[in-house]
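Work through the three exercises below with the sequence and the structure at hand, and try each task before reading its solution.

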Amino acid sequence: MGKEYWRSLDELADTPEFRSLVEKEFPGLAEELLSPQTRRAFLKVMGASLGVAGLAACRWPKETILPFARGPEGRIPGAPQQFATAMDLGGAAIGLLVTSFDGRPVKVEGNPLHPISRGAATAFAQASILELYDPDRSKQVLRREGGQVFASSWDEFAAFAGPHFAELRARKGAGLAVLSEGSSSPSLTRLRTRFAEVFPQARWFEWEPVERDNEREAEREIFGAPCHPQLRFDKADVVVCLDADPLFDHPAAVAHARDFASRRRAEGGTMNRLWCAESVLSLTGAAADHRAALTPHGVEEAARLLASAVLGVEAGAPQDAAAGRFAAAAARDLHAARGRCLVLAGPRQPVRIHLLAHALNAALGAEGTTVSYVEDIDPSRGPHLGGILQFSVAADRGEIRTLVVLGGNPAYTAPGAEGVSAAIAKIPVSVRLGLFDDETSRVCGWHLPRAHSLESWGDALAWDGTWSVQQPLIDAMYDGRTPAELIAVFVGEAASAHEIARETLKAAAPAGGFEAFWRRTLHDGVAAGVAALPAATPPAGGRLRALAEAALAEWEQPSAPASGITAVFVPDARVHDGRFANNAWLQEMPDPLTKITWDNAALLSPKTADSLGVRHGDVVRVKRGERALEIVAYVMPGQADDTVVLPLGYGRTAAGKVGTGVGFNAYALRTPDALYFAGGVTVEKTGRTHGLACTQDHQAIDKVGYEARGQRIADLVREGTLAELVADPEFVRKKDERPVLPVFESPKLIGEHQWAMSIDLSACIGCNACTIACQAENNIAVVGKEQVLRGREMHWIRVDRYFSGKPETPKVAFQPMACQHCENAPCEQVCPVAATIHSDEGLNEQVYNRCVGTRYCSNNCPYKVRRFNFFNYVKNVPETEKMAFNPEVTVRGRGVMEKCSFCVQRIEAVKIAAKNDRRPIKDGDVVPACAQTCPTQAIVFGDLKDAASRVSKLREDRRSYPVLGELNTKPRTTYLAKLRNPSSKVEEG
Amino acid sequence: MSTVPILPDNTIEAPGARAPLVLGGNDFASVTDKVCSIVERPRLPRAWYVAFTISCALTALLVAMVGYLFLAGIGVWGLNIPVGWGFDITNFVFWVGIGHAGTLISAILFLFRQKWRTGINRFAEAMTIFAVICAGIFPAIHTGRPWFDYWLFPYPNQMSVWPNFRSPLLWDVFAVSTYFTVSLMFWFTGMLPDLATLRDRATTRGRRIVYGILSLGWRGSGRHWHRYERVYLLLAALAAPLVLSVHSVVSFDFAVAQLPGWHSTIFPPYFVAGAIFSGFAMVITLLVPVRAFFGLEEIITTRHLENMAKITLATGLMVAYSYGVEFFMAWYSGNPLEQFVLANRAMGPYAWAFWIMMCCNVAAPQAFWFKKVRTTPWTLVGVSVLINVGMWFERFVIIVTSLHRGALPSSWGYYRPTWVELGTLAGSFGLFMTLFLLFLRYGPMIAMAEVKSVMPAAGLEHGPHHGHGQYWGEIPHQHDRRREGARP
């Protein structure tokens, strides 16, 4: 913003006062300012964010921070600080630790003290930092009337809401309704109770598009109330998943992944065994030792047969041969592991399947060992689907006169969203609190900016009931409020979010000094000793068995699907239900299995695709009755035949500059009667194609490439079975018995430390958390779909996904691949200007300042882990998002090569700290971002000079091998071979 | 423009007699007249201006493409990870290769006393210079930050940072800059007597001054000739190894890398043979039309063309052999990565480029086994153009097919050039042709002094040096007949 555009300091500051002034003076301008369509508006908003950025950097939580004229005690300028907080996703939280530089949060990690995250964080949680700085977030109160948008302010809203809600209070809330997203916040729960007292006639609906209501309904039937099963993968020898994805798509997935992986390393010569029957290839399915790709009907059949076999009930002939084989083998294995096994049904499965899963766990003695239960946060809540349907009906009938929408995005995510949008639009007074001025805000009268979880006080419960307090890392950037604050205002007890959270915890805190407890909770990120969700006791086995037997006896054979293909709706691994659509990190994160970025696709099994004549990139029309969706197709190995998998969350119309118009809106086919499975859809080619920006397998492969790839995978991703390992402990290394001819002298590695990494392919589940951790830590640019299509994505660590075996029953292996820091680095030898050199501690260092960009290093890199700045990718990073840059890492400009540095900034920070403290560096002190966040702890980093370090030992492990070791590059990253544990009694089909 | 003269066939090998290299009863004066008249006539035919306009337009395109590249970044090209080099280095190797014929003709054939070289060496050397200029552009612009290209030179600096002497790209810098310097000196030195002739015949002040400065005070004295011959011989000796070294070093860019498909010990001789192959093809491509256009059939005779065709055929066979050896070595090494690269070349996504290369470089030159093809100008040009296309594709195939499918299948990719790359390639041809057309217009495109030495009139056939085109001292009778009105 040049000087000539300034009219006053207030304009630069873009304060609400100034805005209201503009609106009063130039009503036309105000409208333009707010409509994202016009170029002028774009420039204005960019300019505004520029102004805000400058100021936001010096914002602080008002309550606690003093001006720097009197510096807070112990604060070192420029030194990072970490604060514990939590992030709620759809009604369950994980604990986080956020790194902040000078009041500017830059990196989200898992809170090591939190029982669910244990230091790890999902890609969603890590990418939330970018959401915080998203310039498209709504910045002010908006009022919509008669198709026009007016800028407004909190004061104006208060002026309206005060009398309005006072009147509603007088009418006991008649005609008032709240439509909220799922939330685990105890404060919101408390205020909701208060709300019900103040507005006894008001109604509260809750809607989450991706929920676990069938599971809850089954639990309600069994336990009398919904509960949260606590799964102990570390104790389970045999796990059977029926369309469940506990390792990735579950509120406690991070903990599950850690526990699961702890049993995949063949320590003590044993491993767990995972059985999966599913239609969709999930990450859990990819990790399974035995997997059956079954149609939704087949999965139910497998569940029925499994339950019959375990419970000893006559089942009759299997309707699906594959399901029958799966059930028989899994049942045998479960029997053998009685008391150390676990049966899980996924959220998509109907109530009766969940009932069977519970009965199996009870019958197999899993209860109390591998599964226990705690109560639900809100046992009284009915199914979400019921909630949204009741809401629609009530709104249609005109029973709702005032609506408050808290978060969520029902106008986009509701089944039959167009009806819900219309219903909301009919309500005379509708108030929306949201992070974005999105689809739902567009149909509401008032839009109120919501405070991001990283900039507001709050509280949240984890899946196991752990209570965390959310604390702001930065003052609200855009004057947002939290749902709790809003409800507090409506019930006439206005309080700051801070007071609300404190008040709620105070009631639950153990007796004694609360202030100390509060501080302890803020510091640790968990409220110690607060049992927010008490344990639930399962009913006696007999009752459950009776329920299950009854269910089996009354089993209605599902009628065969009307015509061939069943659609399966799944949450997307990148944008979840669509809420992360405007997050560029997540949009550019490749889907773990398809490796698609910036799109979703209709997944078809190879056989089904063949029979339909559909190939990668064809646009198909998926028709379901009157509804139709045109979407690009992707041929997915391992998916059940006659299914089409439709990931939700794309095709947003008002997500923001990043997410609007990306992908295809699968909600269009989702209706209340078919929330997850829709039978009788037809898929036909449209004749058009759509470019899919995949980071792997960029194009349909020819015969030569296909064969070579098939031959090569076994050597790149070495794998074997537990039995093979026991029979021949050296089987992995035998492949390396080749003569090695030294050509170049290795650089002199005389450093005090010799850094190295070990990656356990047996543990890696391919979740992409490392990719996002690295992106956040190392300021990695987002390049956009067009550049990914050209093969120019910038991720320093990618997760290679390889299929082997038959396309119908592929084995999946993941291989995180970053710079291998070769001791004989081919890249170093060819750089003409010595811009990539070896440190004496064994790091392959890239000197950005020196790089002229010949790309010779990348050409000569066998691992192809180097990334080139083909353009100045950071040029258009919005000013606010620049605040997410890690100040410890250079931001690279155009024409420069970059790559993994083993997080050299972290190594140096630890070295400096150790030197200052005059202590040696301990194993585990230096943790690169990828290793830090890996939920399965597959990545281990350390010093080879320390013979006792974990990495030294892992390098000596019998499973350890270098990738492309025959090239004699002597990589410092070695891999541990992947182990599978198939049952010896099952013949691989 | 010229009437087609009926010339005797000098391609017949008659025992006991040397075939004449200048036909049509020319004497020294008429050779001088023929060559100088091209420079001296006030206007050239319209076709020259048309060609020059097109060339200038293409050069402007080159400037525009490079300007756009510098403003926006390498991303305007189609490169990616894994294909970090595409048209840029392909064009570089292509143009360096083109240059080789000139040096080979002027230096190696000189040392081997091949006197037919005199008719074509100036022309070929000029082509060398211009081709190396075109080649030099590409390494300079292919870097991500071209404004730091000077870091590739080992100059003393305050940071005490030196380039990496282990990098073949650095060797390239030395090899190509040495090659260019020596070629330029060789070319210019060889031109001195002819520039002096132009100066002497100059009718305008401007020409007198320009050619006067360029001819460096050449007066044609015995001492001048003596020094000149010595320097020329020395430069020839210097340039001769460069013919082999430059393309060997260029091949090191690939051979030294570990990439299967690049990492191959046959690359240096293979590249040198390929360079000469493509260079001769380019000389033929250009010479045949120029000879017809300016009526130089008496000096650049069919025999000259046939000899070039023979060399093209010989080097073409070497290239074909190298292709075969690559496949053999891939099979014989037992290295699956190497085997895949070769299989992928022939059958993978770039098979079309591979088969263009094979057709043009292996099949097409076989036509030169036939004398009829070797001695018919238009067939010569046809085959030569095919060879030029094939040799461009050879470099493309080596670079792109090896890169696009490396060791890890997860990182396989595909490279498509953008319009910017196509424009840059076209522009480099424009620059080449512009320089070439200017040379034809303003320089002595035939080494007059040298041609005269192989004419019977020079009397060197029976002299002490037995007619190998050497002329130690002033050539007898050179000034016997002067053109009417011309000054001494």
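**Exercise 1: a residue in the core**

Find the residues, beyond its neighbours within four places in sequence, with which Ala302(A) is in contact.

Solution. The model is a predicted one. Contact here asks for C-beta atoms within 7 Å. Once the neighbours within four places in sequence are left aside, Ala302(A) is in contact with Leu242(A), Ala277(A), Ala292(A), Leu294(A), Ala323(A), Phe326(A) and Ala327(A). The next step is to place Ala302(A) in its wider setting: the largest nonpolar core has 454 residues, and Ala302(A), together with Leu242(A) and Ala602(A), touches the most other members. Helix 8 of chain B, residues 267-294, supplies the largest share of this core, with 17 residues.

**Exercise 2: a hairpin in chain A**

Describe how strand 1 and strand 2 of chain A are joined.

Solution. Strand 1 covers residues 80-88 and strand 2 covers residues 93-101 of chain A; the two run antiparallel, and nine bridges join them. Within this pairing, Ala86(A) stands opposite Gly95(A) of strand 2. Four residues lie between the strands, which form a hairpin, and in the turn Gly90(A) has a positive phi of about 65°.

**Exercise 3: where the chains touch**

Which element gives the most to the side of chain B that touches chain A?

Solution. Begin with the contact as a whole, which takes 46 residues from chain A and 46 residues from chain B. On the side of chain B, the elements giving two or more residues are helix 5 (168-201) and helix 10 (336-347). Of the elements there, helix 10 of chain B gives the most, with five residues. By kind, the residues on this side of chain B divide into 25 nonpolar, 17 polar and four charged.

Definitions and conventions: Residues numbered from 1 in each chain as written. Chains lettered and ligands numbered in written order. Predicted model: local features only at pLDDT ≥ 70, side-chain atom pairs only at ≥ 80, totals over all residues. Pairing = 2+ DSSP bridges. Core = buried A, V, L, I, M, F, W, Y, C linked by C-beta atoms within 7 Å. Buried ≥ 20, exposed ≤ 12 C-beta atoms within 10 Å, placed from the backbone. Contact = placed C-beta atoms within 7 Å. Nonpolar A, V, L, I, M, F, W, Y, C, P; charged D, E, K, R; others polar.
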